[in-house]
Every structure is written in structure tokens, then in C-alpha cells.
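Please find below a short note on the model under review. It concerns strand order and helix packing.

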Amino acid sequence: MRSAIIALSKDWDDDPTSNHHVLRELARTRRVLWLNSVAARSPDLSSTRDVRRAARKLREFVRGPVNVVDDLWLFTPLVVPFPHLAPVRWLNARIVRATVRALRARLRIGAFQLWTFLPNAAPYLAMRGQTLSVYYCVDEHALFSTLDRDRTAAAERELLERVDLVFATSESLAERKRAINPQTHVALHGVDHARFARALDPATAVPDDVAGMPHPLLGFYGALADWVDVDLVAELARLRPDWSIVLIGDPQSDTGAVAGLPNVHLLGRRRNDELPAYCKAFDVGLIPYRSSPQLPFRNPIKLREYLAAGLPVVSTPIPDVRRYEPWCSIAETAPGFVESVEAAVHRDSPALREERSRAMMAETWSARVAEIDRALTQRQEEDR
């Protein structure tokens, strides 16, 4: 049995991200304990979403650890949700350490690797039984509008200076982190190829809520957060009122720019296993992210999922998307999106869809985690 992993991560019930895919894959061969978010930001008590989340966390704490898949266990620790206060950070570190001790005894976890997907986890390092520390960096967290930039940058720098290994999900992100921690490796996102290739299966039915929409039908799925350029989507919709645009995801910021536009359809969140059927309905997969300092560090998981489903992709300028030209097109304006979509639809074919999908067969999450495992093994051998 390989060394167990205890991971400080986002909430399990959030939209699936690399946290979910990587830890699920690791749990095939070792015990993994996923600890739900240990407070990266202070809650907004006026937000119904935050209040509901707090109530849910309390219920999950009372429920205790739950086995969710393979040898992956989920637990929600109770922490004080004001991480910007030094006394709270001190208290939370002790709460989490005590929680980990109790859970190790309950789940029979001996020596373990401590992983964090959160930038503020330095106070939790060097726990008893910990043999290795890993920071899996998925974004430039200090640039998130919901986080305090200076505090987050300082917390992440302390973390980078102390962890044994860093994995970053894009080349540009890895370059930034390597300047602080030389033991930084690129860990590009993978794809559940078998799942998304179902979009090419004749037996996969197009969902009823999109089946009757006019084509071309452009699709996007993911959190509708402030990095999604809904103004760009609105302009695109006005330029081509005969096109259909589908946005699937939980609205986490203002979507007023597309409200009332008859050819833009906000469908809300869908389960991950439902997305291939929606991809089957799409003519083009969209990645309309805002131009911002954060954009160069992004590596959207949906990129490889769209391609595994056979879709051509039109995106705003993201370095990782450029790696997949000519299957992907880059556009910066609504007229540019119109031109790129028209070209993609014109040249698309069943053969091209099969070709895009086959190209993703070597980029599965299993293959990505195997690369991570090799880096972990090498570091452990160097430490002996």
C-alpha cells in the first residue's frame, strides 16, 4: 500500500475541478482523506449562499468521515471562518491538527503525505506522521476578486517556501512558483476521456432542454464567475441573433448582461456525467474568459473535455489553449468570435470530431497522475 494522503482542499460538493480528479485517481491505490475547505476567506453573512454553506458544513461535521469512492474519505472540519485574523489562524491550526490526529486513529492512517490545494495552508504543515508536503497550485489565487490580494500572496509565499514539492497546472503558473520553490513541476490537467467521448456515441441522447434549439448552438459550462466575460457573450448574441448560446453553470456573479436575450439560455448547474450529452448538442465549445492579469495562468479543464467530446473550441487568449491549435481558435472580440465560430462550423465534420477526441486519449487523468507519482517517487528516493 502506498503512503496515505491527507488533503486540504476546496469543498467536495463544488463543481468538479482538478482537486476531484487527481485525488480520486490517487485513491485507487492508497487511502486519501479529503478535508473540506479550512477557510480561505471570511464569509459574507449577508450572502444566502455563504449562510447555507455554513449550515451544510455543520451537518457534515456531525456526520463524520464518509467513504465516497474507492479509498477516498471525506470530512468537514469545524474551523473559525475569519482567516485574516492571526489569533484565528493560530486556533484553526490547532483545531485541524487535533482533527487529523483523531481521524488518523479512526481511519487507521499511519505515515502520510500532506497535500494542499489551498494557498493559506502553511500553518498546517509539519504535522505528526507527515513524511512529505505537497502544494498543488491550480491558479494564481492572489488575483481572485473574492480574496485579499496582499494577504493571500503572503500566505502562499510562506507555503511555497516550506513545502517539499509544488505541482502547478500551467507552464506560466509553474514558472512563477518555481522562482520561490525550485521543486516545482508542471502538472497539466487531464480529461476523463471515456466519459466525454460518449458525445460521439450515436446512443447518447441530446437533452430535451437543448434538443429543439436553432443551430449553430454554442455551449459553455462551468461556474459563471466573474472571470467569465458575459459582456462578450451578450455582444456575440446580438451580432448573431439566429445563433443559440447555452451557458451551463452556477451563477456566481452578475449575469445581467445576457438577461432577456432570447438566444442566450442560462440552464443552471448540471451534473458532470450529464455534460457529454450537452456537448453532443453543441456545434462549438466556448471559453469566453475576461482579459485580466489572471488569464495567462488559467488552464481550463473544459478545454480537454470539449476536445474529447469532438468539439471545435473558440477561446479568448489563454496560453494553454494555443497548444491545441488548429483544433482551437483564439479570438479577443465578439466579431472575432463570430468569424472563428463560422470557420469552425464550416470546416467541421464527423472525421474531425473523431480526430480531436482521439488526440485526447493520451491526456487522461490516469496518465497525469502517473507523472505526478513519478515526481513523488523521485523526491522520496532523494530524501533517503
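The points below treat the sheet, then the helices.

1. The model is predicted, with local features requiring pLDDT of at least 70, side-chain atom pairs counting only at pLDDT 80 or more, and totals for chains, interfaces and linings using all residues. Residues are numbered from 1 along each chain as its sequence is written, and side-chain values use heavy atoms, without hydrogens and water.

2. An open sheet of 8 strands follows the order β3-β4-β2-β1-β5-β6-β7-β8, with mixed pairing. Its edge strands, β3 (66–69) and β8 (184–186), each pair on one side only. Strands are DSSP runs (E, at least two residues), as are helices (H or I, at least four), numbered from the N terminus; two strands pair if DSSP finds at least two bridges between them.

3. Strand β7 (residues 165–168) runs parallel to β8 and is joined to it by 3 bridges. Phe167 has His185 in β8 as its bridge partner.

4. Helix α3 (residues 86–107) lies across β1 (4–8), β2 (32–35), β4 (72–75) and β5 (112–116). Its direction is at about 145 degrees to β2, where axes are lines fitted to C-alpha atoms, for helices over the stretch in contact, and angles run from 0 to 180 degrees between N-to-C directions.

5. In α8 (residues 230–239) and α12 (residues 334–347), the axes come within 9 Å and cross at roughly 60 degrees. Leu232, Glu235, Leu236 and Leu239 of α8 meet Ala334, Pro335, Phe337 and Val338 of α12, contact meaning heavy atoms within 4.5 Å.
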